[in-house]
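Colleague: Before we discuss this structure, I would like to hear how each label is justified. Please set every value against its definition as we go.

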Amino acid sequence: MDFLPEQLQAYIENHTGDENALLKKINRDTHAQVLMSRMLSGQVQGRFLSMMSKLVRPKNILEIGTYTGYSALCLAEGLQQNGRLTTIDVNEELEARVRSYFKDSNYGDRIDFRIGDARKIIPTLRENFDLVFIDADKENYSNYFDLVIDKVPSGGLILADNVLWSGKVLDAKPDKDTMAIIAFNDKVHADNRVENLLMPLRDGVMMLLKK
Ligand SMILES: C[S@@+](CC[C@H](N)C(=O)[O-])C[C@H]1O[C@@H](n2cnc3c(N)ncnc32)[C@H](O)[C@@H]1O
């Protein structure tokens, strides 16, 4: 997932703000106890999400793909005083762990954690979202964009993770997930409702600013 040489990656980590104690614990516990721990955003991407959120100062944030709650807590750092973050994950096995992390954070009472399929839950959400982070199943990235775009006001920001998909977007014979990411990147690039920037951060983050 990291395209940069190890030493350069270490240099970047050493020159990026540190995680707080709870994020460090989630990062450590996830790597020690949870399957597929490479899905966790990690320190550098986490600080990026936090900084984007502090710049947007969102009233409402939507995250699609909670996993162990690491990125949700990074995004929550920029919430307005009375703002709320809704985060959705289909994996109920991690629910108790994630709820306990949220409870231990400064944002427990401002996080609405929903268990279920995001494709079913998003249409039931009534509020608008100034910041959206798409980080769930790759084959639905385009669907998630379609489901959220009308809920994002002008000036709102949509971020989508893993859009370089370990470089597989260049494969001559892409697999199903890769084809879905390629289709998403092409679709949003052609959509004139958003300004787009593909940021080569970690596995690639697509930044979409609603016009
Ligand atoms: C890459 S992980 C999220 C990582 C997390 N955002 C972070 O950075 O720490 C993707 C998550 O999406 C969830 N997911 C997959 N399909 C989903 C769906 N249809 N609806 C909701 N969540 C889904 C998975 O259970 C998994 O926890």
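Modeller: Let us begin with a polar contact, which joins the side chain of Asn162 to the side chain of Lys138 at 3.0 Å. This is a predicted model, in which local features need pLDDT of at least 70 and side-chain atom pairs count only at pLDDT 80 or more, while totals for chains, interfaces and linings use all residues. Residues are numbered from 1 along each chain as its sequence is written, and side-chain values use heavy atoms, with hydrogens and water left out.

Colleague: What makes the pair of Asn162 and Lys138 a polar contact?

Modeller: The term asks for a pair of N or O atoms within 3.5 Å; within protein, one must be able to donate a hydrogen and the other to accept it, and residues adjacent in sequence count only if both atoms are side-chain atoms. The side chains of Asn162 and Lys138 meet at 3.0 Å, so the pair satisfies the distance limit.

Colleague: Why is Asn162 called buried or exposed?

Modeller: Buried means under 20% relative accessible area, exposed over 50%, and partly exposed in between, with a 1.4 Å probe and protein chains only. Asn162 has 6%, so Asn162 is buried. Asn162 lies in the loop between β5 and α8, where helices (H or I, at least four residues) and strands (E, at least two) are DSSP runs numbered from the N terminus. Ser166 is also placed in the loop between β5 (157-161) and α8, but its relative accessibility is 38%, so Ser166 counts as partly exposed.

Colleague: What is notable about phi of Ser166?

Modeller: Phi of Ser166 is near 55°, a positive value in a residue other than glycine. Most residues other than glycine have a negative phi. Met36, in the loop between α2 (21-33) and α3 (42-56), likewise has a positive phi, near 60°.

Colleague: Why is the pair of Phe102 and Phe113 called edge-to-face?

Modeller: Rings of Phe, Tyr and Trp (its six-membered ring) pair if their centres lie within 6.5 Å, and planes under 30 degrees apart count as stacked, over 60 as edge-to-face and the rest as tilted. A search of the whole structure finds 3 aromatic pairs. For Phe102 and Phe113 the centres are 5.7 Å apart and the planes stand at 85°, so this pair is edge-to-face. Phe102 belongs to helix α5 (residues 95-104) and Phe113 to strand β3 (residues 111-115), so the pair ties together parts 11 residues apart in sequence. Both Phe102 and Phe113 are buried.

Colleague: How do you know that Phe145 and Phe184 form an edge-to-face pair?

Modeller: Their rings are 6.5 Å apart centre to centre, with 75° between the planes. This pair links distant parts of the chain, since Phe145 is in helix α7 and Phe184 in helix α8, 39 residues apart. Phe145 has a relative accessible area of 0%, so Phe145 is buried, and Phe184, at 0% as well, counts as buried. Ring pairs link Tyr141, Phe145 and Phe184 into a cluster.

Colleague: What makes Ser41 one of the residues that come nearest to the ligand, and which polar atoms are involved?

Modeller: A residue is near a molecule or strand if one of its heavy atoms lies within 4 Å of it. There are 21 residues around the ligand, and those that come nearest are Ser41, Gly65, Ser71, Asp89 and Asp135. A polar side-chain atom of Ser41 lies 2.6 Å from an oxygen atom of the ligand. An N or O atom in the side chain of Asp117 is 3.1 Å from a nitrogen atom of the ligand.
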